[in-house]
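Please open the model in your viewer and keep the sequence panel beside it. The tour moves from one selection to the next, with a short account of what is there at each stop.

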Amino acid sequence: MPRDGAALWDCAAARAKAFALVAAVALGGFATLLIAAGKDPLKAYADTLLYVFGNAYGFSELLVRMIPLMLTAVAAALPARIGLINVGAEGQLYMGAWLTTAGALAFADRPAFVLLPLLTLLGFIGGGLWALIPGLLRAFRLVSETISTLLLNYVAPLIVSYFIFGPWRSPDSSAYPQSPAFAEAARLPSFFHSRIHLGLVYALAAVVLYALAMTRTRFGLDMRAIGGNPEAARRLGIPVIRYMLATMFIAGGVAGLAGMAEVTAIQGRLVSEVSPGYGFIGFLVAWLAGSGASGIVVMSFLFALISAVGDILQITQGVPYAVVNILMAVILFIVLGRQPVGSGAR
Amino acid sequence: MNSALIAGVVTSSIMSGTSLLYATLGEIIGERAGIVNLGIEGLMLIGASSGFAAAALTGSPYLGIAAAALAGAAVNLVFAYLVVTRHANQLAAGLSLMFFGVGLSALIGGPFVGALITGLPRLSIPGLDPGGIGARLASYDLLVYLVLPTSLLIWWLIFRTRWGLGLRTVGESPSVAFAAGLRPHVLQYQALAWAGVLAGIAGAHISLALTLSWAEGMTAGRGFIAIALVIFAKWNPLWAIAGALLFGGAEALQLQLQAAGADVSPFIMTMTPYLLTLLVLVLWGWRRQSAAPAALGRTFVGVE
Amino acid sequence: MTRTGMMMAGVWALFAVLAAGPAAAQDKPPLIVGAIYVGSVNDYGYNRSMKDGLEEMKKAIPGLKLIEAENVPETAESERVMEGMIQQGAKLIFATSFGHQQFAFNLAKTHPDVYFEHAGGWMQAPNFGNFFGATQAAWYPMGVAAGKMTKSNTLGFVVGVPIGYAIGNVNAFEMGARSVNPKAQTRVVVTGGWSDKAKEAAAANALIDQGADVVTMHVDSPATIIQVAESRGQDSIGFQSVAAEQLAPKGWLTGLGFTWGPFMTETAQSVIAGTFKPAMVREGLGQGMMAVAPFGPAVPPDVRTLVTAAADKVGQGFNPFTGPITDNTGVVRIPAGESWGGDKMGNFDWYVEGVIGKAK
């Protein structure tokens, strides 16, 4: 990345242009598909833009969607810097939500200024510990973290389901499987009469801290050294194992924050479907962004926008929301096919 | 424990294990060639939806199987183009494929939700007609009967033919394969085409034999179970048979136990296969066994 | 301006033009109604019954516009979808699945000028009402049908999520069966979700393996279970929608269906007239929201008479949950002289005598 202002701007402009082209092609391809299915894609695109930019609620929902995406993207990007592949943000998110719920139920009578920081911490620890398992297995050369994080993605929601069907089953809603509603004090506050919540601060903080840590701290430098050549890094005296463990823990913790935010701000309780795949989309966001911080924000915005297209298609044209995944995938396919995108070392 | 329970569990395991096995076999072929495909879930969904749509339109579940196989192959060739020719990141490409499959299957299957089809008929083994409990054990659909021979065939293909040797060489080291006069890209395309066929058939079994319906996302993570199964089976089609029965069995067992009146937590039971796989992996790692094809390892292990 | 820049400008201009187009008004409808379904309306089950009710409402009020969204999960996503409908002008929203309640309620607070009807919950506000069928007692006549038609004396019941209301349904079913066949037993299998076709198929097979020759269910869509029963030559009793009969030409006995049309029409009319009153509406057999499905060809006339008589009894107020009632571990749960009314239907965490299964 060039460091002086003008070159930086040129670089960004060039990337934006390239990406706009990709988006235009993908939108065109998707539109053709919709026309073949008898729908009106141009109207849908227009409606989406109107809804998202011409409507306070629409715009706020865009931001709400971006929050978990930015967090899970950082959860994938951070380990990528030292060459670790974390596809487990989904599971880490669930475990963050789980530990948060444990705290919210156990300490329901505490005031908000005590409870919210506690729950934030618990969310972080929940996700962090869940990521630490694959971290340990990888650091001691037992199992590839790609596989272990993937497998644990499936165990985490089952643990959540076990608890909401069993020990945490809510007595008030006649045993409908969900936890009891969290106390007011346990709810992450929202702003502007919308659903934008404090989680936005967490997400932006995570992205900013990530960027700063990578570029301006000793840790960032060490991590990039490990990412480039772990053997050499080891010989230079960098404690690679410690970095692996710390990185996985922090990454999992950030994903855990996404889970904490979902249950305290949006749902208000623990439910069986905490995340509709944010962990996987976050991975793709991080990958598209080349694990760069500003890219993460931009790509999260893009994916949130695509989701909005899906909503509009569903409400105004009766197209199943799931179909919008095609648009998302086509964009990814085009980017994947154009040139080898950097895998993290930048 | 009564005989009805045992028979029921065995039958259910075989029924639900069949689609798992097809998907696992497909992924084994691809991974033996050095390509990991996280998008099997998407391929299975495409297979399930296009198979169902074809069966609803033509009235023939066999045409449904054919449609599913073709659709799976076609889409996986797109994936192949990205990872083999364009050298795209396999994990990202696989996840993108998964999302693509979720979306495309919803589009294909949408108009057919609620359609009534003639599913794959259950055929009894000629000559065997035990009646009663035995009747259930001895009558399955075509895809179930074919899965075992298919596994053996694939085992033979991979381990006993020149093509298979070439495939495995590519999976160990594409450059060595190239130096030996093989064409790695061609082999990988072939492998992925077959993997697509098998994944499509795996999906078709669910919609055409198990549930006789289509619903969005109906594969419910089976594609990811298959990825775990490949590792559990040490990339060997024969072990995959056992693994598929085990994983298929866990789900079947808890439902049958309930029907018999026993008390099990469905979630603990569903968790067990994943934890078991992880345990097995840890054990191998401990004993320094790595059965993974070396070139595949590079994708999995990253920088090492 | 670069070429790319001009291209982008052109695209934006195109969007602007297109956006302006649809804004040209059509005739203003008397009411725009929004409805969200948790699954697909082609499920021969719960969602189908909701759709049928809404279509009836639409026919009854000329010009009414209906906006629908299927497969809306019971999560915060539903809030987004409902809000989108409100933005499109909807003034009455039907949130048709239990899990949509909290989110519809949130929106009721921020949109006091929009009215909400939720199915199956209990929350209320000046612009938020609740409705559902009083299903439990209605299962009694279903049990009568099953009890008379079974030859193996084993009945099978697939439950999606073991909430109190569902357990109550199972209990009434078994009691109805026992009233005509003291040897009848009901086996229960829980799939863990309202809609998982693969598990439902496996559950139905498991019950039939264990000897059940009449199978029924409380899941969103009866289709898979009925089809499995039919393919194995067993009888089935449907739930949620009377449309399910066509799935099992031979084995269909009868079923329970929801008839939401009249209630929905009434509600829409009250919104148009400005007389909406929030209420907790629970209607059972004979009161408008529930109906017994037509009998299948296998059901003989004497059984039909019995079932219809039982249904009429329930319609006139018969409450099967009148003590003494013992659970399946021998504990007396409802003492003599007491009975459990509508408000207690969610409290079931025990199965009656004759049910094989654990409720907790």
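How many salt bridges does the rule find across the interface of chain A and chain B? Select these two chains first, bearing in mind that the model is a predicted one: across their interface the rule finds 0 salt bridges, and it finds 2 residue pairs in polar contact, both residues at pLDDT 80 or more. The elements of chain A that each supply at least two residues to the side touching chain B are helix H5 (112–139), helix H6 (145–165), H11 and helix H13 (324–338). Colour H6(A) separately, since with 14 residues H6(A) gives the most to that side. By class, the side of chain A that touches chain B has 33 nonpolar, 8 polar and 4 charged residues. In all, 45 residues of chain A are in contact with 45 residues of chain B, and the area buried between the two chains is about 4,200 Å², of which carbon and sulfur atoms give 80%.

Stay in chain A and select helix H11, residues 278–288, which is mostly covered, with 11 of its 11 residues buried. Stepping along H11(A), you will pass aromatic side chains among the buried residues, including A:Tyr278, A:Phe280, A:Phe283 and A:Trp287, and also the buried glycines A:Gly279 and A:Gly282. Beyond the end of the helix, pick A:Gly290, which follows H11(A) and has a positive phi, near 60°.

Now go back to the other end of H11(A) and select A:Ser275, which is found in the loop between H10 and H11 of chain A. Is A:Ser275 buried or exposed? Its relative accessibility is 4%, and therefore A:Ser275 counts as buried. A polar atom of the side chain of A:Ser275 lies 3.0 Å from the backbone nitrogen of A:Tyr278, a residue that belongs to H11(A) and is itself buried. If residues up to four places away in sequence are not counted, A:Ser275 touches A:Glu90, A:Leu93 and A:Tyr94, so display these three side chains as well.

Next, hide chain B and show chain C with chain A. Here 31 residues of chain A are in contact with 38 residues of chain C, and the area buried between them is about 3,000 Å², with carbon and sulfur atoms giving 63% of it. Across this interface the rule finds 2 salt bridges; one of them to zoom in on joins C:Arg80 to A:Glu61, whose closest N and O atoms are 2.5 Å apart. The count of residue pairs in polar contact between chain A and chain C, both residues at pLDDT 80 or more, is 3. To see where this side of chain A comes from, colour helix H1 (5–36), helix H2 (41–53), helix H3 (56–80), helix H10 (240–267) and helix H12 (293–317), the elements that give two or more residues to it. H2(A) gives the most, with 7 residues, and by class the side of chain A that touches chain C has 16 nonpolar, 6 polar and 9 charged residues.

For the last stop, isolate chain C, which has 10 helices and 15 strands. Its C-alpha atoms fill a box of roughly 85 × 45 × 40 Å along the principal axes. The radius of gyration of chain C is 23 Å, which agrees with the value near 21 Å that a compact globule of 360 residues would have. Buried residues make up 61% of the 360 residues in chain C, and among its contacts between residues at least 6 apart in sequence, 65% join residues at least 24 apart.

Technical notes
Residues are numbered from 1 along each chain as its sequence is written. Chains are lettered from A and ligands numbered from 1 in the order in which they are written. This is a predicted model: local features need pLDDT of at least 70, side-chain atom pairs count only at pLDDT 80 or more; totals for chains, interfaces and linings use all residues. Side-chain values use heavy atoms; hydrogens and water are left out. Contact means heavy atoms within 4.5 Å. Buried area is the accessible area (1.4 Å probe) that two parts lose on being put together, summed over both. A salt bridge is a side-chain nitrogen of Lys or Arg within 4 Å of a carboxyl oxygen of Asp or Glu. A polar contact is a pair of N or O atoms within 3.5 Å; within protein, one must be able to donate a hydrogen and the other to accept it, and residues adjacent in sequence count only if both atoms are side-chain atoms. Helices (H or I, at least four residues) and strands (E, at least two) are DSSP runs, numbered from the N terminus. Ala, Val, Leu, Ile, Met, Phe, Trp, Tyr, Cys and Pro count as nonpolar, Asp, Glu, Lys and Arg as charged, and the others, Gly among them, as polar. Buried means under 20% relative accessible area, exposed over 50%, partly exposed in between (1.4 Å probe, protein chains only). The radius of gyration is taken over C-alpha atoms; the globule rule is 2.2 Å times the number of residues to the power 0.38.
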